[in-house]
Amino acid sequence: MKKLFFILLINFLPAQQNWTLKQCLDYAGANHPLVKQSVVNIQKNEKKVSAAKGMLLPSADAGINHNYNFGNGINQENNRREAINTQTDNLYAQVNWELMNWRNYLNISLSKINKETSDYRMKQTANEVKMNIIRMFFTYHNSKSRLEVLETQLSGIENQIRRTEKEVEIGNRPKSDIYDIKANLGTMQEQWVSARNQRDLSRIDLLNALAITQDTLDFVMPEESLPDSDFNDSRFVRNLLEKNPAYQAIQKEIEAQQKNVEIGRSAYLPALTGSCIWSSFYNRILEKPASAFTDQIRDNKNRQISFGLSIPVFNKLQVKSNIENAKLNVINSYYDKEIIINNLTQNINSIRVQFLNAQEKYRLLEANFENQRLSFQKSEEKYKEGLMDAYTFFVVRNNWLQANYTLISSKNEVIQQTELLKVLGNK
C-alpha cells in the first residue's frame, strides 16, 4: 500500500511535493531498484528451499515408443531371424526414489540458511541506500541554507547601498563608504552563483540517491529539537554491531560454509534408492493379421521393483578435495567477518565522534550566535547614529548572517549523525 502511494504521488501529481527525510527513507526502502533486486534474490532463494525439499520426493515418468523395422529381424511367432517387416510399440511407467541420501537433508538446511542470508543482505542493501540518502539530504539542506544566507546578504548590500547613497547626497557620509560596500558586491555575487550551483547539484544527487528521475519533489527539514544519544554504555558499539544486518549476514554466511563442509562429507555415506517399473509391448508383422492391441498390452505387461545401495569406495580424491576446499571457505568467511566488524566499528566510532563534536560545536555556536546577534544590534544602532562607517557595519552584519548559517549546519550535522546511527542499528 505504501509503495502504491508513492507511485501515485510521483506519477499523477505534477505539482511539486514536499518530502521530509522520513518520507525519503520510506520511499527508498520500498522502491529503490537495489532493494527490489534484493527482494528478488530472497524470492529466488525461497524457490531453492522448495526445490531442495522436492529432492525428498520420488520422480515419475512414462513413455511410449512406436517403431517400424524393415528387413532382417526377429519373428516373434517363432523367435527366428528372418526377412520381416514389423511394427513394435513399447509402453513404460517408472518411479525412482532416493529413499535415503543424507546430502538431500543437508541441502535443505543449506538452502534455508541461504534464504536467511538473503534477508539480511536485503536489509543491508536498504541500509546502504538509506545512509547515502541521509548524507545527500543534509548536503542539500546545507547548500540550500548557504544560498539563503547569501541571498539575504546580497539583499542587505543592495539596500545598504541605496541608503548610503542618500546619506552621501545629504552629506552625512563620505562617498568612500559606497565604494567600500560595492567592492564586496561582485565577490558576493560570484559566491551566490557558486552556491546556487552547489544547491542544484546536491538536489540532483539526492534525487539520484532516491532513484527518482522526475523532478517534482522538494525536500523540507521540519523543526525538531536536538537528539541525544547515550554513548556511555560500554556495549554501545557491540549492540549496534549485533543488530546490523551486515554482521548478521556474515554470521549466516559462516553457517552456510560450515554446512557445505557437512555436505562434502556426506559423499562418503551410502545412498539407498528404490524404483518401480511397469512395461508392456505390442508387436505385429506388417500386412498380416495380429491380435488386438489391448490384448497384447495386457498379456505382455511386466512389473519390476528394485532397491539399490550405493557405497562410495574410491572417487579419485574428489570428495576429499571438496571437503578441504569447503573448510578453507569457512576460514575465509571468518576473515570476512573480521573485516566487516572492523569496518562497522570504524563507521560507528566515526559517527559517534562526529556526533559528539557536532553537539559540542553547536552549543558553542549557539552562545556565539547570541553574541553575534547582540553585536549586530549594537552596531546597527551605532550605524544609524553615524558612529560607525558603512563598511564596518557591512562586515558585522555579514558575520551575524554567517553565524546563523554555521549554527544551522551544525545542528544539521548533529541530526545527520543521529539518523546514520539509527540506520546502522537497524532501527
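What span should the 21 residues of helix α7 have at 1.5 Å a residue, and how far apart are its end C-alpha atoms? The model considered here is a predicted one, and this helix offers a simple check on its geometry. Helix α7 covers residues 245-265. The expected span is 1.5 Å times one less than the number of residues, so for α7 it should be 30 Å, and the end C-alpha atoms are indeed 30 Å apart, which agrees. At the start of the same helix, a side-chain oxygen of N244 comes to within 2.9 Å of the backbone nitrogen of A246.

From this helix the description turns to the strands. Strands of a sheet pair through backbone hydrogen bonds, in either a parallel or an antiparallel manner. In this model, four strands form an open sheet in the order β2-β5-β7-β8, and their pairing is antiparallel. Strands β2 (59-69) and β8 (302-310) stand at the edges; each has a single partner strand, and therefore one side of each is left without a neighbour in the sheet. On average, neighbouring strands of this sheet are turned by 20 degrees against each other, direction ignored.

The sheet can be followed from one edge to the other. Strand β2 pairs with β5 (residues 86-100) over eleven bridges, in the antiparallel sense. Within this pair, D61 has Q94 of β5 as its bridge partner, while N67 stands opposite T88 of β5. Next, β5 is joined to β7 (residues 271-285) by 14 bridges, and these two strands also run antiparallel. Here L91 stands opposite S280 in β7, and E98 has T273 of β7 as its bridge partner. Finally, β7 and β8 pair over nine bridges, again in the antiparallel sense. Residue T273 appears once more in this last pair, where it stands opposite G308 in β8.

The next topic is the interior. In soluble globular proteins, nonpolar side chains tend to be buried together. The largest nonpolar core of this model has 36 residues, and the members that touch the most others are I133, L210 and F219. Several elements give two or more residues to this core, including α2 (21-31), α5 (176-210), β6 (217-219), α9 (318-384) and α10 (390-424). The element that gives the most is α4, with seven residues. To see how one member is placed, consider I133: leaving aside its neighbours within four places in sequence, I133 is in contact with C24, L25, A28, L206, A209 and L210. Apart from this core lies another, of 13 residues, among them F369, M388, V396 and W400.

Two residues in loops deserve attention for their backbone angles. Most residues other than glycine have a negative phi. A211, however, has a positive phi, near 60 degrees. This residue lies in the loop between α5 and β6. Is A211 buried, partly exposed or exposed? The relative accessibility of A211 is 32%, so it counts as partly exposed, since that class lies between the limits of 20% and 50%. L317 likewise has a positive phi, of about 65 degrees, although it is not a glycine. L317 is found in the loop between β8 and α9. With a relative accessibility of 54%, L317 counts as exposed, because that class begins over 50%.

Terms used: Residues numbered from 1 in each chain as written. Predicted model: local features only at pLDDT ≥ 70, side-chain atom pairs only at ≥ 80, totals over all residues. Heavy atoms only, no water. Polar contact = N/O pair within 3.5 Å; in protein donor to acceptor, adjacent residues only side chain to side chain. Pairing = 2+ DSSP bridges. Axes fitted to C-alpha atoms, helices over the stretch in contact; angles between N-to-C directions. Core = buried A, V, L, I, M, F, W, Y, C linked by side-chain atoms within 4.5 Å. Buried < 20%, exposed > 50% of the residue type's maximum accessible area, 1.4 Å probe, protein only. Contact = heavy atoms within 4.5 Å.
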